[in-house]
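Please look at the sequence and the structure together, and keep both in view while you read the briefing below.

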Amino acid sequence: TNLNSDKSKAIKNNSNVSMCFYWKSLLRQIRVLGSAFQVKDNEADHYFQSRPHNSKIGAWASDQSSILDKRKDLYDSIKKYENKFINEKKIPRPDYWSGWRINPIEIEFWLDGESRIHERLKYYKKNNNWKKKLLNP
């Protein structure tokens, strides 16, 4: 992600984060709480190089989260970087692009239940060991 994005600025300000993945078709959800930290440069480089060509160009062309006056400006920026990086194997990772990893301290699994009688299972870290609790819906 772009380290200048609103998301990255928020994480830099407060590394306590949460994520929620909801799968409507499966009627399931996973919620993760923990602290985020920036990945090392070599990991960011490796992941960046695994991305499709157009995603690499997009990382250079988009000033993520900033105001965009018109989409043409973005397309012009894409064209500029397509011309700059003609050889797709030599697109370097921008200095402002990296990744965040979450060190989880709590993970909750939720399964939709009839009449709102959901199944909830919470795993949490205590003394560096994972514990498990069943929760009320």
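The points that follow deal with the sheet, the loops, the helices and the pocket, in that order.

This is a predicted model, and the values given here are computed from it. Its strands form an open sheet of 5 strands, arranged in the order E1-E2-E3-E4-E5 with antiparallel pairing. Its largest pocket has a volume of about 190 Å³.

**The sheet**

- When you trace the sheet from E1 through E2, E3 and E4 to E5, you follow the order in which the strands lie, and the pairing along the way is antiparallel.
- The edges of this open sheet are strand E1, residues 16-23, and strand E5, residues 129-135, each of which pairs on one side only.
- From one strand to the next, the twist of the sheet averages 25°.
- As general background, the strands of a sheet pair through backbone hydrogen bonds, and this pairing may be either parallel or antiparallel.
- Strands E3 and E4 run antiparallel and are joined by 6 bridges; if you look for Leu111, you will find that its bridge partner in E4 is Glu119.
- Strands E4 and E5 also pair in the antiparallel sense, here over 7 bridges, and the bridge partner of Leu121 in E5 is Leu134.

**Two loop residues with positive phi**

- Which residue takes a positive phi in the hairpin of E4 and E5? It is Asn127, with a phi near 55°, in a hairpin that has 2 residues between the strands.
- Asn127 is not a glycine, although its phi is positive, and it lies in the loop between E4 and E5.
- Asn127 counts as exposed because its relative accessibility is 71%, and the cut-off for exposed is over 50%.
- Leu27, which lies in the loop between E1 and E2, is a residue other than glycine whose phi is also positive, with a value near 55°.
- Leu27 has a relative accessibility of 38%, so it counts as partly exposed.

**Helices and a buried serine**

- Helix H3 spans residues 53-61, and its buried residues are Lys56, Ile57, Ala59, Trp60 and Ala61.
- What covers these buried residues of H3 includes helix H2, residues 41-50, and helix H4, residues 71-84.
- Is Ser5 buried or exposed? Ser5 is buried, because its relative accessible area is 0%.
- Ser5 lies in the segment before helix H1, residues 6-13, and it touches Gln64 and Ser65, when residues up to four places away in sequence are not counted.

**The largest pocket**

- The largest pocket, with its volume of about 190 Å³, is lined by Trp23, Arg28, Gln29, Ile30, Phe109, Trp110, Leu111, Glu119, Arg120, Leu121 and Leu134.
- The elements that give two or more residues to this lining are strand E2, residues 28-38, strand E3, residues 100-111, and strand E4, residues 119-126.
- Sorted by class, the lining of the largest pocket has 7 nonpolar, 1 polar and 3 charged residues.
- Leu111 and Glu119, both found in the lining, are bridge partners in the sheet, and Leu121 and Leu134, which are also among the lining residues, are bridge partners as well.

How values were computed:
Residues numbered from 1 in each chain as written. Predicted model: local features only at pLDDT ≥ 70, side-chain atom pairs only at ≥ 80, totals over all residues. Heavy atoms only, no water. 1 Å grid on protein atoms, 1.4 Å probe; cavity = no way out; pocket = protein on both sides within 12 Å on 5 of 7 lines; lining within 4 Å. Points joined across faces, edges and corners; volume = space filled by probe spheres on them. Helix = DSSP H or I, 4+ residues; strand = E, 2+ residues; numbered from the N terminus. Nonpolar A, V, L, I, M, F, W, Y, C, P; charged D, E, K, R; others polar. Buried < 20%, exposed > 50% of the residue type's maximum accessible area, 1.4 Å probe, protein only. Contact = heavy atoms within 4.5 Å. Pairing = 2+ DSSP bridges. Axes fitted to C-alpha atoms, helices over the stretch in contact; angles between N-to-C directions.
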